[in-house]
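Hi,

Here is the structure I promised to pass on. Have a look at it first, and then read on for what turned up when I went through it.

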Amino acid sequence: MRRAIIDLDAIRGNVRALRAAVGGAQSMVVVKANGYGHGAVPVAQAAVDAGADWLGVVDLTEALALRAAGIRAPVLAWLHDPDSDLTPAIEHGIDLGVSSLRQLAAASGANVHLKVDTGLGRSGAAPSEWAALFEEAAVAQRSGRIRVRGLWSHLAGADDAAQVAAFETAVSAARAAGLEPELLHLAASHAALRLPDARFGLVRFGIAAYGLGGEFGLPLRPAMTLEATVVSAKRVAAGTGVSYGHDYVTPRETTLALVPLGYGDGVPRHASGRGPVRIGERVYRVAGRVAMDQLVVDVGDDPVTEGDRAVLFGDAAAGNPTAGDWAEAADTIDYEIVTRIGPRVQRVYVGHGSRPPVPARSDVTAVWRGNVATPEAMAELGARIAAELRAGDLVLLNGELGAGKTTLTRGIGAALGVRGAVTSPTFVLARTHPRVDGPPLVHVDAYRLSSALELDDLDIDFEASIVVVEWGKGLLEHVTTDWLEVDIERPHGMEHLNSADAAAEVEPREVTLTGHGPRWKEWVDAAGH
Ligand SMILES: Cc1ncc(COP(=O)(O)O)c(C=O)c1O
């Protein structure tokens, strides 16, 4: 009935464009507040796919949710309850923003980013506290209690140049205290794109990654479209009062369309009478007050009927009103419009890789990480996996195009002695390679499958085969309790994807093997591979 369509390709495209726009600076994508309402885990996954170096969240709870979903990218969390136990950050490899001596003590054992207040007046040590914080951090670092990985601050958008200068003063003071933080970061979206002096080594992209926040002169696309199905359309006489208080009265006989979205879903009541709604090819204004669950649109004599699609906001390029239009109507900012969309609105993920990852089952998983230097070594790793494979086994391969998934599968196929060349199955979805004795190898490309139902159409005999699936994350885990997951990453992202670049071809890959279920846990645990 009501949906927020989240286009993960838009997120990926935006993150790529943003990374390219900030030159050599690293990029953090901020996925706090449920990824600005878009869904923290799918957005985080998409951002990492697109090369984000870091993920930013507000608190440890949000950070742990990313880890529980299997996201292993570096994460920074920066707002802490005075009583909260920060030790899970150590276990889960989460960096902590630290604003005070007290937090520094509580963060013992963790990697920290010291936060200084350079003029926002929120968290961060005040200038009068910098010296003590830096001294104490240097002592703690020398004794091995913490690692000061970063020094950072946040801009107010008022006098950014003054804050840049204050930040530089803080950097000098930290260095004078004997600290050499490897990551200096100050800029969020606006400053990252408009004030190169504020970039330092890392920038934190929030709103721009979602395709909102203003015009940046980049090809950014809004990722969220908020829509609902018109639940009724009825003819009413002139003079009919609409919604509470009858703020709107129909000027003539007309059709009223009822849209099942209200302030209970995050649609601002403040935009009553003003918020734009597109139905068909026309954009109307909300008639009367936005109620908790619904709003009304006066569509005149247009042939709107029950079941039509009503779009509150989305991509202007597709003719939709925007979150910015709603922000204007509600006298707020587009950040708030998307972030407040509530849990009653179903998030529907579209775009390649739109399936949210299945939470890791930590009780039965084991993880091994290492480097694989060459394509030959990748095939060799495939052979080692093959030595373990038997009928009923499932191997999921994750990694961007060109990462080496097919090379690994080729290694598996060669070691199993399968018939037929193992090549990318992109155009066939699944290819079965028979063997003289033993179960066949079924090589699946799930890239274009969006649901397990589509997979069922392939009629794979999982029990009698060894199944290796590329792009299968989040789709296949229900068919077995045990599976081996192989993540292949290029440490420097995918910008070297140009295959004409011979050096890039032999760039070492970071491979992570995750054994799910008792069978694979044991193997990953034991072998050290
Ligand atoms: C500390 C910090 N950094 C970065 C961001 C991202 O900001 P923006 O959405 O403007 O890019 C936020 C969000 O408010 C933040 O709190």
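One term before we start: a crossing of two helices is called left-handed if the near helix is turned anticlockwise from the far one by less than a right angle, and right-handed if clockwise. Please also keep in mind that this is a predicted model.

**Helix 3 and helix 4**

With that term in hand, start at helix 3, which passes helix 4 in a right-handed crossing. Helix 3 covers residues 40–49, and helix 4 covers residues 60–68. Their axes come within 10 Å and cross at roughly 65°, which means that helix 3 is roughly perpendicular to helix 4. On the helix 3 side the meeting residues are Ala40, Val41 and Ala44, and on the helix 4 side they are Glu62, Ala65 and Leu66. Sorted by class, that contact has five nonpolar residues, one charged residue and no polar ones.

Is helix 3 enclosed by the rest of the structure or not, and why? It is largely enclosed, because nine of its ten residues are buried. A residue counts as buried if 20 or more other C-beta atoms lie within 10 Å of its own. The buried residues of helix 3 are Ala40, Pro42, Val43, Ala44, Gln45, Ala46, Ala47, Val48 and Asp49. After helix 3 comes Gly51, with a positive phi near 100°.

Over in helix 4, take a look at Leu64. Leu64 has 18 C-beta neighbours inside 10 Å, so it counts as partly exposed. If you set aside the neighbours within four places in sequence, Leu64 is in contact with Pro88 and His92. Gly93 is 29 residues away from Leu64 in sequence, yet their C-alpha atoms are 9.7 Å apart in space.

**Two other helix pairs**

Next, try helix 7 (residues 127–142) and helix 8 (residues 160–176), which pack at an angle of about 35° with their axes 9 Å apart. Helix 7 also passes helix 8 in a right-handed crossing. Trp130, Ala131 and Phe134 of helix 7 make the contact with Ala170, Ala173 and Ala174 of helix 8. Those residues divide into six nonpolar, no polar and no charged.

Further along the chain, helix 12 (residues 375–386) packs with helix 13 (residues 405–416) at an angle of about 50°, their axes being 7 Å apart. The two are therefore oblique to each other. Here too the crossing is right-handed, with helix 12 passing helix 13. Helix 12 brings Pro375, Met378, Ala379, Glu380, Leu381, Gly382, Ala383, Ile385 and Ala386 to the meeting. Helix 13 brings Thr407, Leu408, Thr409, Arg410, Gly411, Ile412, Ala414, Ala415 and Leu416. By class, this contact has twelve nonpolar, four polar and two charged residues.

**Around the ligand**

Which residues surround the ligand? They are Val30, Gly56, His154, Ala188, Ser189, His190, Arg204, Phe205, Gly206, Ile207 and Ala208. The elements giving two or more residues to this shell are helix 9 (189–194) and strand 9 (202–205). Counted by class, the shell has five nonpolar residues, five polar ones and one charged.

**A few single residues**

Two residues that are not glycines have a positive phi. Tyr36 has a phi near 50°, and Asp331 has one of about 55°. Tyr36 belongs to helix 2 (residues 32–36), while Asp331 sits in the loop between helix 10 (323–330) and helix 11 (334–339). Are they buried or exposed? Tyr36 is buried, because 27 other C-beta atoms lie within 10 Å. Asp331 is exposed, because it has 10 other C-beta atoms within 10 Å.

Last, there is Ser100, in the loop between strand 5 (94–98) and helix 6 (101–106). Ser100 has 19 C-beta neighbours inside 10 Å, so it counts as partly exposed. From Ser100 to Glu135 there are 35 residues in sequence and 12 Å in space, taken C-alpha to C-alpha.

That's the tour. Shout if you'd like to go through any of it together.

Cheers

Definitions and conventions. Residues are numbered from 1 along each chain as its sequence is written. This is a predicted model: local features need pLDDT of at least 70, side-chain atom pairs count only at pLDDT 80 or more; totals for chains, interfaces and linings use all residues. A residue is near a molecule or strand if its C-beta atom, placed from the backbone, lies within 6 Å of it. Helices (H or I, at least four residues) and strands (E, at least two) are DSSP runs, numbered from the N terminus. Ala, Val, Leu, Ile, Met, Phe, Trp, Tyr, Cys and Pro count as nonpolar, Asp, Glu, Lys and Arg as charged, and the others, Gly among them, as polar. A residue is buried if 20 or more other C-beta atoms lie within 10 Å of its own, exposed if 12 or fewer, and partly exposed in between; C-beta atoms are placed from the backbone. Axes are lines fitted to C-alpha atoms, for helices over the stretch in contact, and angles run from 0 to 180 degrees between N-to-C directions. Angles under 35 degrees count as roughly parallel, over 145 as roughly antiparallel, 65 to 115 as roughly perpendicular and the rest as oblique. Two residues are in contact if their C-beta atoms, placed from the backbone, lie within 7 Å.
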